[in-house]
Amino acid sequence: MLTLGMVAVEASGDLLAASVLDGIRARRELDARGIGGPRMAQRQFTNWWTIDALSVRGYVEVLREYPRLRRMRNDLRSRMIAWRPSLFVGVDGPDFNLDLEIALRASGLKVAHFISPSIWAWRRERITKIRQAVDHMLLVFPFEQAIYDAEKVPATYVGHPLADLIPLQPDVAAARADLG
């Protein structure tokens, strides 16, 4: 059985992580735990906390909630280290996940991150932190591979899991009808 720690920080991460859980479950037995949303829970993911616990908006709310969020991340780190999953996967949410991943990796856990931060668009210096945080980066855009290769950070282009939901040839008549 594969044991998998995961953290999805927001609804989009819940959707993406659910597709990852589906893919793994199709191949092997899985025990997955951490922070997720309703789609992950529908896939037998054990939520220690839900993504709602991470939902904060704006600087004032973040500052007000920071002590609680820090305690939650510290507790999550301790639980993951005690549980020792086969792999930890942070899904997007680099502001929450990268520091957690650094600590988990330092404890000897294998760490992957799914959905690279947009270092190609801004905050390129994050690559240093990413190098510390992950054993492997899972990429959704093919052009990101060259960036990670140049920086000697192990990475694999896996594609975007939602791409299969978008038809290559859209139904124009149906779209017009839907949109009026």
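# A tour of the predicted model

Buried residues make up 42% of the 180 residues in the protein chain. Buried means under 20% relative accessible area, exposed means over 50%, and partly exposed lies in between (1.4 Å probe, protein chains only). This is a predicted model: local features need pLDDT of at least 70, side-chain atom pairs count only at pLDDT 80 or more, and totals for chains, interfaces and linings use all residues. Residues are numbered from 1 along each chain as its sequence is written, and side-chain values use heavy atoms, with hydrogens and water left out.

**Whole chain**

Start with the protein chain in cartoon view. It has 7 helices and 7 strands. Both are DSSP runs, numbered from the N terminus: helices are H or I with at least four residues, strands are E with at least two. Along the sequence the pattern reads β-α-β-α-β-α-β-α-β-α-β-α-β-α. Along the principal axes, the C-alpha atoms fill a box of roughly 55 × 45 × 35 Å. The radius of gyration is 17 Å, which agrees with the value near 16 Å for a compact globule of 180 residues. That radius is taken over C-alpha atoms, and the globule rule is 2.2 Å times the number of residues to the power 0.38.

**Strand E4 and its partners**

Select residues 87-91, strand E4. Here 4 of the 5 residues are buried, so the strand is largely enclosed by the rest of the structure. Add strand E1, residues 2-8, which pairs with E4 in the parallel sense over 5 bridges. Strands count as paired if DSSP finds at least two bridges between them. Look for Val7, which stands opposite Gly90 in E4. Now add residues 111-114, strand E5, which runs parallel to E4 and is joined to it by 4 bridges. On this side, Val89 stands opposite Ala112 in E5. Follow the chain from E4 through helix H4 (residues 94-106) to E5: this β-α-β crossover is right-handed. In other words, with the strands pointing away from the viewer, the path from the first strand over the helix to the second runs clockwise.

**Salt bridges**

The whole structure holds 10 salt bridges, each a side-chain nitrogen of Lys or Arg within 4 Å of a carboxyl oxygen of Asp or Glu.

Select Asp99 and Arg73, whose closest N and O atoms are 4.0 Å apart. This pair links distant parts of the chain, 26 residues apart: Asp99 is in helix H4, Arg73 in helix H3 (residues 58-83). Asp99 is partly exposed at 33% relative accessible area, whereas Arg73 counts as buried at 15%. Add Lys129 to see a network of salt bridges linking it with Arg73 and Asp99.

Next, show Asp135 and Arg105, a salt bridge with its closest N and O atoms 2.9 Å apart. Asp135 lies in the loop between helix H5 (126-133) and E6, and Arg105 in helix H4, so the pair ties together parts 30 residues apart in sequence. Asp135 is partly exposed at 23%, as is Arg105 at 28%.

**Surface patch**

Finish in surface view with Trp120, Phe141 and Phe143. They form a nonpolar patch with about 290 Å² of accessible area together. Areas come from the Shrake-Rupley method with a 1.4 Å probe; for residues, only the protein chains shown count as cover. Patch residues have over 30% relative accessible area and no salt bridge; like charges are joined within 9 Å, nonpolar side chains (Val, Leu, Ile, Met, Phe, Trp, Tyr) within 5 Å. Zoom in on Phe143, in the loop between strand E6 (136-139) and helix H6 (144-150). Phe143 is partly exposed, at 42%.
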